[in-house]
Amino acid sequence: MKQIYLKRGKEESLLRFHPWIFSGAIHHSDENITDGDMVRVVSASGDFLAIGHFQMGSIAVRILTFRDVTIDDDFWYARLHSAFQVRKVIGLANASQNNTYRLVHGEGDNLPGLIIDIYGSTAVMQAHSIGMHLARKAIAEQLVKAMEGLVEHVYYKSETTLPFMEPENGFLIGGTSENIGIENGLSFYVDWLRGQKTGFFVDQRENRSLLEKYAKDKSVLNMFCYTGGFSVYAMRGNAKLVHSVDSSAKAIELTRANIELNFAGDNRHEAFCEDAFRYLEKAADQYDLIILDPPAFAKHRGALHNALKGYTRLNLKAFEKIKKGGVLFTFSCSQVVTKDHFRNAVFTAAALAHRKVRILHQLHQPADHPINIYHPEGEYLKGLVLFVE
């Protein structure tokens, strides 16, 4: 195995078990190391530190293990089986009312560069590093073994996460046209062929359940609805009416399909294909429960300033339109936006709108999206539930 040698003093983060090595920490490396190669990382004095996947870029090595072991089928099986056991402990794997959850959450499950979501008997696997892409077949085979009969099909979907490689999406194992997942007793079409991420945003499961408890007799507006997850929960919570808004016609089509799947013929729901800001601008003050769950406004640190302005502007519009005594669910999924950043943006919006606002809940990603204690960057989802006077 080829080796990478760190600059003197640059091993400190690895001694604290941080799973990334940045390019600036590297002194030199063996010849002919290419993207996706498995490499040994050693200190300036030659001491072994870790093994990981190499890739050109700011994050040069994603660490798989801090032990000097062989990365083989047994290694992949052990990591996947460990992730499966965690999902058993938190009550998700094989739950009677839920077959939709995240099995592998990158660094949070000590498999940086890998995402695996479970939808019934199908696992949807997504690589975020070339190393994981090259190991996809071995991982898929060990995944089926580790899941103790719960997974029969493994679909690979990395066209959007590794666009410069143009990987081919498709089934690595099995094959099925069954694409309905069950979440807390509700059914959802999962579009892993053409949809965003792995086809469904499983990270909002618990927050959708919380919204259901607030929905009774409310007029609900679900902005950036995508597949209509919050809308479906609001319907089951006996909302008076539910309006879903997204700029994507495909998303609106999928939202309508999910409403029909669960509440066939129910006329409480309407969906609108329109820009969020434009819709809020012209909306009357008819809503007493609003959900703001936009896509990431900041993909990198350089976009942080504009992202915070965007969150302030969006929440200001919601504060201006929501009824007195209304409840606002507002989120950010931008990793570079901290909880304090987001809270300050929402605070600014409330002040500009001259509304009295109380925080009822502070929300975050669920337990199947664990945060590696040595990798705080893994905390990406943050949300607030606000009572607006």
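Biologist: Before we count anything, what makes a salt bridge here?

Modeller: Happy to start there. A salt bridge is a side-chain nitrogen of Lys or Arg that comes within a set distance of a carboxyl oxygen of Asp or Glu. Keep in mind that this is a predicted model. The distance cut-off is 4 Å.

Biologist: Thanks! How many salt bridges does a search of the whole structure find?

Modeller: The search covers the whole structure. Some of the bridges share partners, and E281, K317 and E320 are joined into one network that way. The total is 14 salt bridges.

Biologist: Let's take R40 and D68, whose side chains meet in a salt bridge. Is R40 buried or exposed?

Modeller: The N to O distance in this pair is 2.8 Å. R40 is in strand β4, while D68 is in the loop between β6 and α2, 28 residues apart. D68 has 49% relative accessibility and counts as partly exposed. For R40 the relative accessible area is 17%, and the limit for the buried class is under 20%, so R40 is buried.

Biologist: Good. Which residue forms a salt bridge with K88?

Modeller: K88 is in helix α2, and its partner is in the loop between α4 and β10, 60 residues apart. K88 counts as partly exposed at 37% relative accessibility, and the partner counts as partly exposed at 46%. The closest N and O atoms are 2.9 Å apart, and the partner is E148.

Biologist: What is the phi of E148 like, and near what value?

Modeller: E148 follows α4. The buried residues of that helix are I139, A140, Q142, L143 and A146. The phi of E148 is positive, near 55°.

Biologist: And R102 with D117: what is the relative accessibility of D117?

Modeller: R102 in strand β7 and D117 in strand β8 are 15 residues apart, and their closest N and O atoms are 2.7 Å apart. R102 counts as buried at 11% relative accessibility. D117 counts as buried too, at 0%.

Biologist: Now for the cysteines. Why is C225 in no disulfide?

Modeller: A disulfide needs two cysteine sulfur atoms within 2.5 Å, and by this rule the count comes to zero. C225 is buried, at 5% relative accessibility, whereas C273 is partly exposed, with a relative accessible area of 45%. The cysteine sulfur nearest to that of C225 belongs to C273, so the distance to set against the 2.5 Å limit is 9.0 Å.

Biologist: On to the sheet. In what order do the seven strands of the open sheet lie?

Modeller: The edge strands are β16 and β19, each pairing on one side only. The pairing is mixed, and the twist averages 15° from one strand to the next. The order is β16-β15-β14-β17-β18-β20-β19.

Biologist: Which residue in β20 is the bridge partner of L328?

Modeller: In general, strands of a sheet pair through backbone hydrogen bonds, either parallel or antiparallel. Strand β18, residues 326-332, pairs with β20 in the antiparallel sense over seven bridges. The bridge partner of L328 is L386.

Biologist: How do the helices lie against these strands, and at about what angle does α9 run to β18?

Modeller: Helix α7 lies across β15 and β16, running at about 170° to β16. Helix α9 packs on the sheet and touches β17, β18, β19 and β20. The direction of α9 makes an angle with that of β18 of about 165°.

Biologist: Which element gives the most residues to the largest nonpolar core?

Modeller: Nonpolar side chains tend to be buried together in soluble globular proteins. The core here has 33 residues, of which L221, M223, F319 and L328 touch the most other members. The elements that give two or more residues include β14, α8, β17, α10 and β20. With eight residues, the one that gives the most is α9.

Biologist: One last thing: which residues does M223 touch, leaving aside those up to four places away in sequence?

Modeller: M223 is among the four core residues that touch the most other members. It lies in β14, residues 219-223, one of the elements that give two or more residues to the core. The residues M223 touches are V245, A276, Y279, L280, I291, L292 and D293.

Note on methods: Residues are numbered from 1 along each chain as its sequence is written. This is a predicted model: local features need pLDDT of at least 70, side-chain atom pairs count only at pLDDT 80 or more; totals for chains, interfaces and linings use all residues. Side-chain values use heavy atoms; hydrogens and water are left out. Buried means under 20% relative accessible area, exposed over 50%, partly exposed in between (1.4 Å probe, protein chains only). A nonpolar core is a set of buried Ala, Val, Leu, Ile, Met, Phe, Trp, Tyr and Cys residues joined through side-chain atoms within 4.5 Å. Helices (H or I, at least four residues) and strands (E, at least two) are DSSP runs, numbered from the N terminus. Contact means heavy atoms within 4.5 Å. Two strands pair if DSSP finds at least two bridges between them. Axes are lines fitted to C-alpha atoms, for helices over the stretch in contact, and angles run from 0 to 180 degrees between N-to-C directions.
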